[in-house]
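Good morning, and thank you for coming. I shall present one structure today, beginning with its ligand and then turning to a few places in the protein.

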Amino acid sequence: MHAHEAGALHADVGQPVPGWLSVPNDVNALLPQLWATGVARQPDGELAVAGVAVSRIAEQFGTPAYVVDEADLRARARGFRTAFEASFPGGADVYYAGKAFLSTAVARWVLEEGLHLDVCTGGELAVALRAGVPGARIGMHGNNKSRAELVEAIEAGVGRVILDSFEEIETLAGLAGERGVRVPVLVRVTVGVEAHTHEYIATAHEDQKFGFSLAGGQAAEAVRRVLASPQLRLLGLHSHIGSQIFDDAGFEVSARRVIGLAARVRDVHGVELEELDLGGGFGIAYTSQDDPATPAEHASRLAEIVEHECRGFGLGVPRVCVEPGRAIAGPAVFTLYRVGVVKTVELDAGARRSYVSVDGGMSDNIRTALYDASYSAALASRTSAAEPVLSRVVGKHCEAGDIVVKDEFLPGDLVAGDLLAVPGTGAYCRSMASNYNHVPRPPVVAVRDGQARLIVRGETIEDLLRLDVG
Ligand code: LLP
């Protein structure tokens, strides 16, 4: 589905309340699947994370702020690693996909939890290296890596470059040859699977920019060229089918196809590939309608699929890698906003909608406008005994499509000064944030064991003015 060009404003004709959204029995209750495990209401009704009240966070760091429950993010990272290690006795590596959200602190956390790191630009690589992530633990992605980025990757000694084009095979082999090194690589295969998600984030159907197509024979040719390049060491094949996926059926088809190619590589070249990377894409809950599987469920299902397919082709089970981003960072974070203007709009047939303006918006969360994504929200600074009203959380940008949470029931007595929390904003919110309308990007605050600390400073107008050289 495409977002409406003019923004979501024009999209909601008909029923004002979407079918999946019902009036909550208790508007103060927190749905556990939406919130980091350290988030709870205190006896006085205020939300706290890891023992720190949101009003303290707002006072100390300002709003809006992205608030990370460090223990929760670490537990999700660890949960993926232990689940995949347990399900794949032949070995499994979990690469945290840094594109979801990367800072030096987060890179260190996932490293300490035994994960590897997937980066896809020179910028993300620089953050990883600044954090002290050893090159060997880094996988370098990108469909259009520059020569400079490839040189940086080689010099950092990355554990793998995921090859995306014929040009890249040649360039990387040349650069490796000049430096007298042999670079470990994976070949990214486009398997013709379109995951059931938003079109813009489904990346394995063939009509798109990523990877070597399987059906067109490009993937087999890429493997041939890599094997013919002594400067490159082919570890295995890679496939990523999309993002925010709930159904493992897409992984089943893609695994079958990639393993089929691995069998042909064995037959044609006599080489058994050591690794299979199935990419990321594991879905998370943004609203009450989402019911994601656990890492253990994904791991055991993928293990079944991979074992079954390998057996079918007479192959041993390779080392398996996955690259979750959203499922590690997303639920560990909420965005804390301060409520400003609240206005009520009369809709058809006596229905009403409350527009709750907050002090951020599409510059700190573009996903609602860009993907028509759904989010939830809760009054954070207090509880309320008021009736829940159909609400829309909107930002401060000069655009009607500046919507953060399109549909939610919020207490009918929200007033300026209240704090509002939007959960599930750890992935692709700070990392896709902009300075639209010259709004500075918010800080990222990590909370752990009753202590809150800044891990990414918020921008100031001064920061923005400094870029303007006249
Ligand atoms: N591996 C590769 C090769 C990827 O391209 C991606 C995401 C991931 C792993 C991680 O996927 P995850 O587990 O986070 O779903 N901006 C969009 C998502 C774009 C995903 C791009 N690639 C959004 O906000 O939904």
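**The ligand and its surroundings**

Let us start at the ligand, where a backbone N or O atom of R326 lies 2.8 Å from a ligand oxygen atom. Please bear in mind throughout that this is a predicted model.

Two side chains also deserve attention here. An N or O atom in the side chain of E323 is 2.7 Å from a nitrogen atom of the ligand. In the side chain of Y428, an N or O atom is 2.7 Å from an oxygen atom of the ligand. The ligand taken alone exposes 580 Å², of which the protein buries 93%.

Which residues come nearest to the ligand? Of the 19 residues around it, they are S243, E323, R326, R367 and Y428. By character, the shell divides into 6 nonpolar, 7 polar and 6 charged residues.

Where does the ligand lie with respect to the domains? Domain 1, comprising 32-69 and 331-464, gives residues to the shell, and so does domain 2, comprising 88-324; the ligand therefore lies between them.

I turn next to C429. This residue belongs to the loop between β19 (419-423) and β20 (444-448). Is C429 buried or exposed? Its relative accessibility is 1%, so C429 counts as buried. Leaving aside neighbours within four places in sequence, C429 is in contact with Y66, D364, N365, R367 and Y375. Among these contacts is R367, which was also listed with the residues that come nearest to the ligand. A separate pairing concerns A100: C429 and A100 are 329 residues apart in sequence, yet their C-alpha atoms are 7.9 Å apart in space.

Another buried residue is R392, in strand β17, which spans residues 388-394. R392 counts as buried because its relative accessibility is 0%. What does the side chain of R392 contact? It makes a polar contact, at 3.4 Å, with the side chain of Y355.

Finally, I come to helix α5, residues 147-156. The buried residues of α5 are E149, L150, V151, A153 and I154. An α-helix has 3.6 residues a turn, so residues three or four places apart point the same way. The buried residues of α5 pack against two helices, α4 (122-130) and α6 (166-179), and against the strands β7 (138-140), β8 (160-163) and β9 (183-190). After α5 comes G157, with a positive phi near 65°.

That concludes the presentation, and I welcome your questions.

Technical notes:
Residues are numbered from 1 along each chain as its sequence is written. This is a predicted model: local features need pLDDT of at least 70, side-chain atom pairs count only at pLDDT 80 or more; totals for chains, interfaces and linings use all residues. Side-chain values use heavy atoms; hydrogens and water are left out. A residue is near a molecule or strand if one of its heavy atoms lies within 4 Å of it. A polar contact is a pair of N or O atoms within 3.5 Å; within protein, one must be able to donate a hydrogen and the other to accept it, and residues adjacent in sequence count only if both atoms are side-chain atoms. Accessible areas come from the Shrake-Rupley method with a 1.4 Å probe; for residues, only the protein chains shown count as cover. Ala, Val, Leu, Ile, Met, Phe, Trp, Tyr, Cys and Pro count as nonpolar, Asp, Glu, Lys and Arg as charged, and the others, Gly among them, as polar. Domain bounds come from an automatic or database domain assignment. Helices (H or I, at least four residues) and strands (E, at least two) are DSSP runs, numbered from the N terminus. Buried means under 20% relative accessible area, exposed over 50%, partly exposed in between (1.4 Å probe, protein chains only). Contact means heavy atoms within 4.5 Å.
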